[in-house]
Amino acid sequence: MKALACLLLLLLSVDGYTQTDTLQNRMLSPADLQADFRYFRQLLEETHPGLYRYTPKPVMQARLDSLAGSLNQPLSVFGFYRIISGLIADIRCAHTHALPSKAWQTLFAQRWKTLPFFMFPIDGKSYILFNGTADQRIRPGFELLSINGQPIQEIQQIMYRYHWSDGYIQTSKDASLQGQLFALFYYWFIGQPDTYALTFRSLTGDTIRVEVPAEPFATSLKMMKKNPVNKQMMAWYNRRKPKTPWRISFPDDVPQTAYLRIDSFGGGKDSDEAAARFRAFMDKSLATMKTKNVRHLIVDLRSNPGGWDVQGVELFTYLAKADTAVRYYHRHHTVTDSSSFLRFSDIPADALKSIKQQLIPEKDGTFTEVADDDSWELRPQLPKPNRFSGQVYILMDGRSGSTTAEFLAVAHAHRIGTFIGTESGGAYEGGNGGSFINLALPKSRIQVTTPLVYYTNGVGKPDQPGRGTLPDYSLPLQIDNVLNHTDSQLDLAKKLIREQSPGTAGHTSK
C-alpha cells in the first residue's frame, strides 16, 4: 500500500509564495456546496472500495442523504471542509483524506497563524517538545492543560472526530496529534484566534498561564531554533534525515544481536526496482549477520508510515518460519474498472488502457486484481533460502501504518517473532490503498485523496475487526523517555534477549 505523503513535517520547505489566505472569509453558496458534495459523493460511490467496510451501506447512504440535505445555507470554505472531513472520518480509512487547499503547506508556513509550539502526545496528554516563542519560561515537557479556556481533553476529542484513520484504532489518532498536525487541526476544526491563552503544568507541577500570539509556522520554526530551552531536544530529535531508510547495526550491550531499523519501505521508481534494492540490502545484511553469528534480530518499525507493498512482502520472506509458501494477501479488489474518475488516478496511462485485462469481474460487482508478473506479491510466498531463523523482536507503534501495518499483521499471524510497543496504525485484516485518486472539488477547490484497492491480508478472522495488530508486550512511550532520550521498548527487547538461554537460541541462517 503506497504510503501517503506524511503531514507531520518538522522542517517545512518554505518558498516565495505570497498569496493571502482567503479561505477564512470566502463563502460558498448553497448551489456550490451541493454541486461539490454531489461530485464527492459520486467519487466515493463509484470508486471507493471501502466505503461500506465498517459502515453498512444503508447507514452510510442515510448519512450521505442527511449531509446533502443540510447544505441549504451559505458556508465558508473551512465550514464546508469540516463537513467533508467529518464524512471522511466516518469511512474509517487511513488512506482517505481531504486538505483545504492545494497550497496548504505554503499557507501554513507563511500565512496561517497557528499555535507556536510543537506538541508531543503521550497517554492522552499533550506535552511541549519545542517552544516556538521567545518565552523561556515554557520548557519541553510542560503539559498543555487548556487553550483559550477550553480543556485539552475537549480539544482532543474534536480533533479525533476529524482525523482519518483505519477502523477503530486509537493509537493512530493519538500519534497524529504530534507536531504540526496539532496546530493545523486546531486551526482547521476549532478556531483561528490571533492570540492563544494557554495553561501549562510545569515539570515541578506548578500551573503557568501565558498568552502568546498566533504565528505562521516559518516564524515559529525560527524561534524553535533560537530559543535556548529547545537546545537539547533539537540535538536529539531534529537530526538530518539518514541517507538510507534501512540500516543494520550490532549493539554492544547484547550478545549476538542485530538491530534492523526501517524508517520506511521506500526507494525505487517502481515496484520491481524497489524489490531489487531491498533484496540487495537484506542479502548483504544477512551475510554480515551470519559472519557475526547473530542469533537475535530486533526489527524496529516504529513511526514507519509504509511505502512499497513489495518491500513488506520481501521482509516477510526473509523472516518466515514455515518452510512452505503462505499467502501474504488473500485478495486485492476494486469496485470499478471504468469510472470516469480514473483519469484523476496515479495509474499510468498505458495501464489504464489495459485495466480490464488486469481485473477479474466477480458476481458481487467487484473486480479481483490478477496475480500476474506485475503483482507477484498476490501469489503464495516462499521463504528465502537465506532467511533468518533466530529469535525476532519487532518494535511497533501507532504510526506503523500502511505497508508496515500489513507486514505486522501477516508476521503476527504467522508467529514470526515477539511484538513490543503499542497497537499498529493499520487494521489487522487489511485497509484500502494501492492506487489513489487525487482531485480538487470544482467549487471549493478542497483537495481530496481516495484509494482504489481493497486489501485483504493473509491473516485469520480478527477477534476485533477494525483494530490494529496488538503487541505481545504493550509498552507505551512515557514523557520521561522523551525528556531523557531513553527507549524503554528497545530496552525491553534487549532484556528479553539477555534472558534467553544460549542453548535455546536459533541459528542465523538455514
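**A note on the aromatic residues**

1. A search through the whole structure turns up 25 aromatic pairs. Please keep in mind as you read on that this is a predicted model.

2. A nice pair to open on your screen is Phe185 with Phe189: the two rings meet edge-to-face, with 5.2 Å centre to centre and 85° between the planes. Both residues belong to helix α7, which spans residues 180–189. They are 4 residues apart there, about one turn of the helix. Phe185 and Phe189 are both buried.

3. Trp236 and Tyr237 also make an edge-to-face pair, at 6.3 Å centre to centre and with 75° between the planes. Are these two residues buried or partly exposed? Trp236 has a relative accessibility of 22%, so it counts as partly exposed; the cut-off for buried is under 20%. Tyr237 is likewise partly exposed, because its relative accessible area is 30%.

4. Back to the phenylalanines of point 2: Phe185 and Phe189 are members of one aromatic cluster. Alongside them, the cluster takes in Phe78, Tyr81, Trp112, Tyr162, Trp164, Tyr187 and Trp188. I would suggest displaying these side chains together.

5. Two rings have a charged side chain over them, and both are worth a look. Which residue has its charged end over the ring of Tyr454? That is Arg53, whose charged end sits 3.6 Å from the ring centre. For Phe250, the partner is Lys292, which lies over the face of the ring at 5.0 Å from its centre.

Notes:
Residues are numbered from 1 along each chain as its sequence is written. This is a predicted model: local features need pLDDT of at least 70, side-chain atom pairs count only at pLDDT 80 or more; totals for chains, interfaces and linings use all residues. Side-chain values use heavy atoms; hydrogens and water are left out. Rings of Phe, Tyr and Trp (its six-membered ring) pair if their centres lie within 6.5 Å; planes under 30 degrees apart count as stacked, over 60 as edge-to-face and the rest as tilted. Helices (H or I, at least four residues) and strands (E, at least two) are DSSP runs, numbered from the N terminus. Buried means under 20% relative accessible area, exposed over 50%, partly exposed in between (1.4 Å probe, protein chains only). A charge sits over a ring if NZ of Lys or CZ of Arg is within 6 Å of the ring centre and within 35 degrees of the ring normal.
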